[in-house]
Amino acid sequence: MEAPMKLACILGFIVLVSIAGMEGVDGAGECGKSNPDNEAMKLAPCMSAAQDDKAPVSDACCSQVKNIGKSPSCLCAVMLSDMAKASGIKPEIAITIPKRCNIANRPVGYKCGPYTLP
């Protein structure tokens, strides 16, 4: 029962972020013109893997991480975003997902806040 409630809270937060984002900024950030919070929503398939290092990482999760990971600074911003924190993501576990997905060209050693991509 807790998971549906968490999902409802996340979806509500997305709506608020989307509305607030309509006022927008013209400059590009870590994720280009996309906001890291918006990019974090693409990582919904990674929810359990980002909370438990023993949880399996789905193919859908790996695909999204590989896509976002083309820009290490964007991947870092997404993992440390307010959206990720609000959804219960544990950055110290989320940071291990690229390795757990066996992404060959992942940004090994990239500093992401207090964390380092393994």
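**Disulfides, a helix and a core**

Biologist: Which cysteine does a disulfide join to Cys31?

Modeller: This is a predicted model, so local features need pLDDT of at least 70 and side-chain atom pairs count only at pLDDT 80 or more, while totals for chains, interfaces and linings use all residues. Residues are numbered from 1 along each chain as its sequence is written, and side-chain values use heavy atoms, with hydrogens and water left out. A disulfide is a pair of cysteine sulfur atoms within 2.5 Å. With S to S at 2.0 Å, the partner of Cys31 is Cys74.

Biologist: How many residues apart are Cys31 and Cys74?

Modeller: Their link has 100° about the S-S bond and is right-handed. Cys31 sits in the loop between α1 (2-21) and α2, whereas Cys74 belongs to helix α4. Helices (H or I, at least four residues) and strands (E, at least two) are DSSP runs numbered from the N terminus. The pair links distant parts of the chain, and the separation is 43 residues.

Biologist: How many disulfides are there in the whole structure?

Modeller: Let's number the bonded cysteines along the chain: the pairing then follows 1-5, 2-3, 4-7, 6-8. A search of the whole structure gives a total of four.

Biologist: How many residues apart in sequence are the parts that Cys46 and Cys61 tie together?

Modeller: The sulfur atoms of Cys46 and Cys61 are 1.9 Å apart, forming a disulfide. Cys46 is in the loop between α2 and α3 and Cys61 is in helix α3, so the distance in sequence between the tied parts is 15 residues.

Biologist: Is the link of Cys62 and Cys101 right-handed or left-handed?

Modeller: The sulfur atoms of this pair are 2.1 Å apart. Cys62 comes from helix α3 and Cys101 from the loop between α7 and β1, 39 residues apart. With -85° about the S-S bond, the link of Cys62 and Cys101 is left-handed.

Biologist: How wide is the arc that the buried residues of α3 cover?

Modeller: Buried means under 20% relative accessible area, exposed over 50%, and partly exposed in between (1.4 Å probe, protein chains only). In α3, Cys61, Cys62, Val65 and Ile68 are buried. They lie on the same side of α3, because their arc (taken from the directions from the helix axis to the C-beta atoms) is only 135°.

Biologist: Which helix gives the most to the largest nonpolar core?

Modeller: A nonpolar core is a set of buried Ala, Val, Leu, Ile, Met, Phe, Trp, Tyr and Cys residues joined through side-chain atoms within 4.5 Å. The largest one has 26 residues, and Val57, Val65, Val78 and Ile97 have the most contacts inside it. At least two residues come from each of α3 (59-68), α4 (72-79) and α5 (82-86). Five residues come from the helix that gives the most, α4.

Biologist: Which residues does Ile97 contact beyond its neighbours within four places in sequence?

Modeller: Contact means heavy atoms within 4.5 Å. With those neighbours left aside, the partners of Ile97 are Cys46, Ala49, Ala50, Val57, Cys61 and Val65.

Biologist: Is Val108 buried or exposed?

Modeller: Val108 is in the loop between α7 (97-100) and β1 (111-112). Leaving aside neighbours within four places in sequence, Val108 touches Leu117 and Pro118. Because its relative accessibility is 56%, Val108 counts as exposed.
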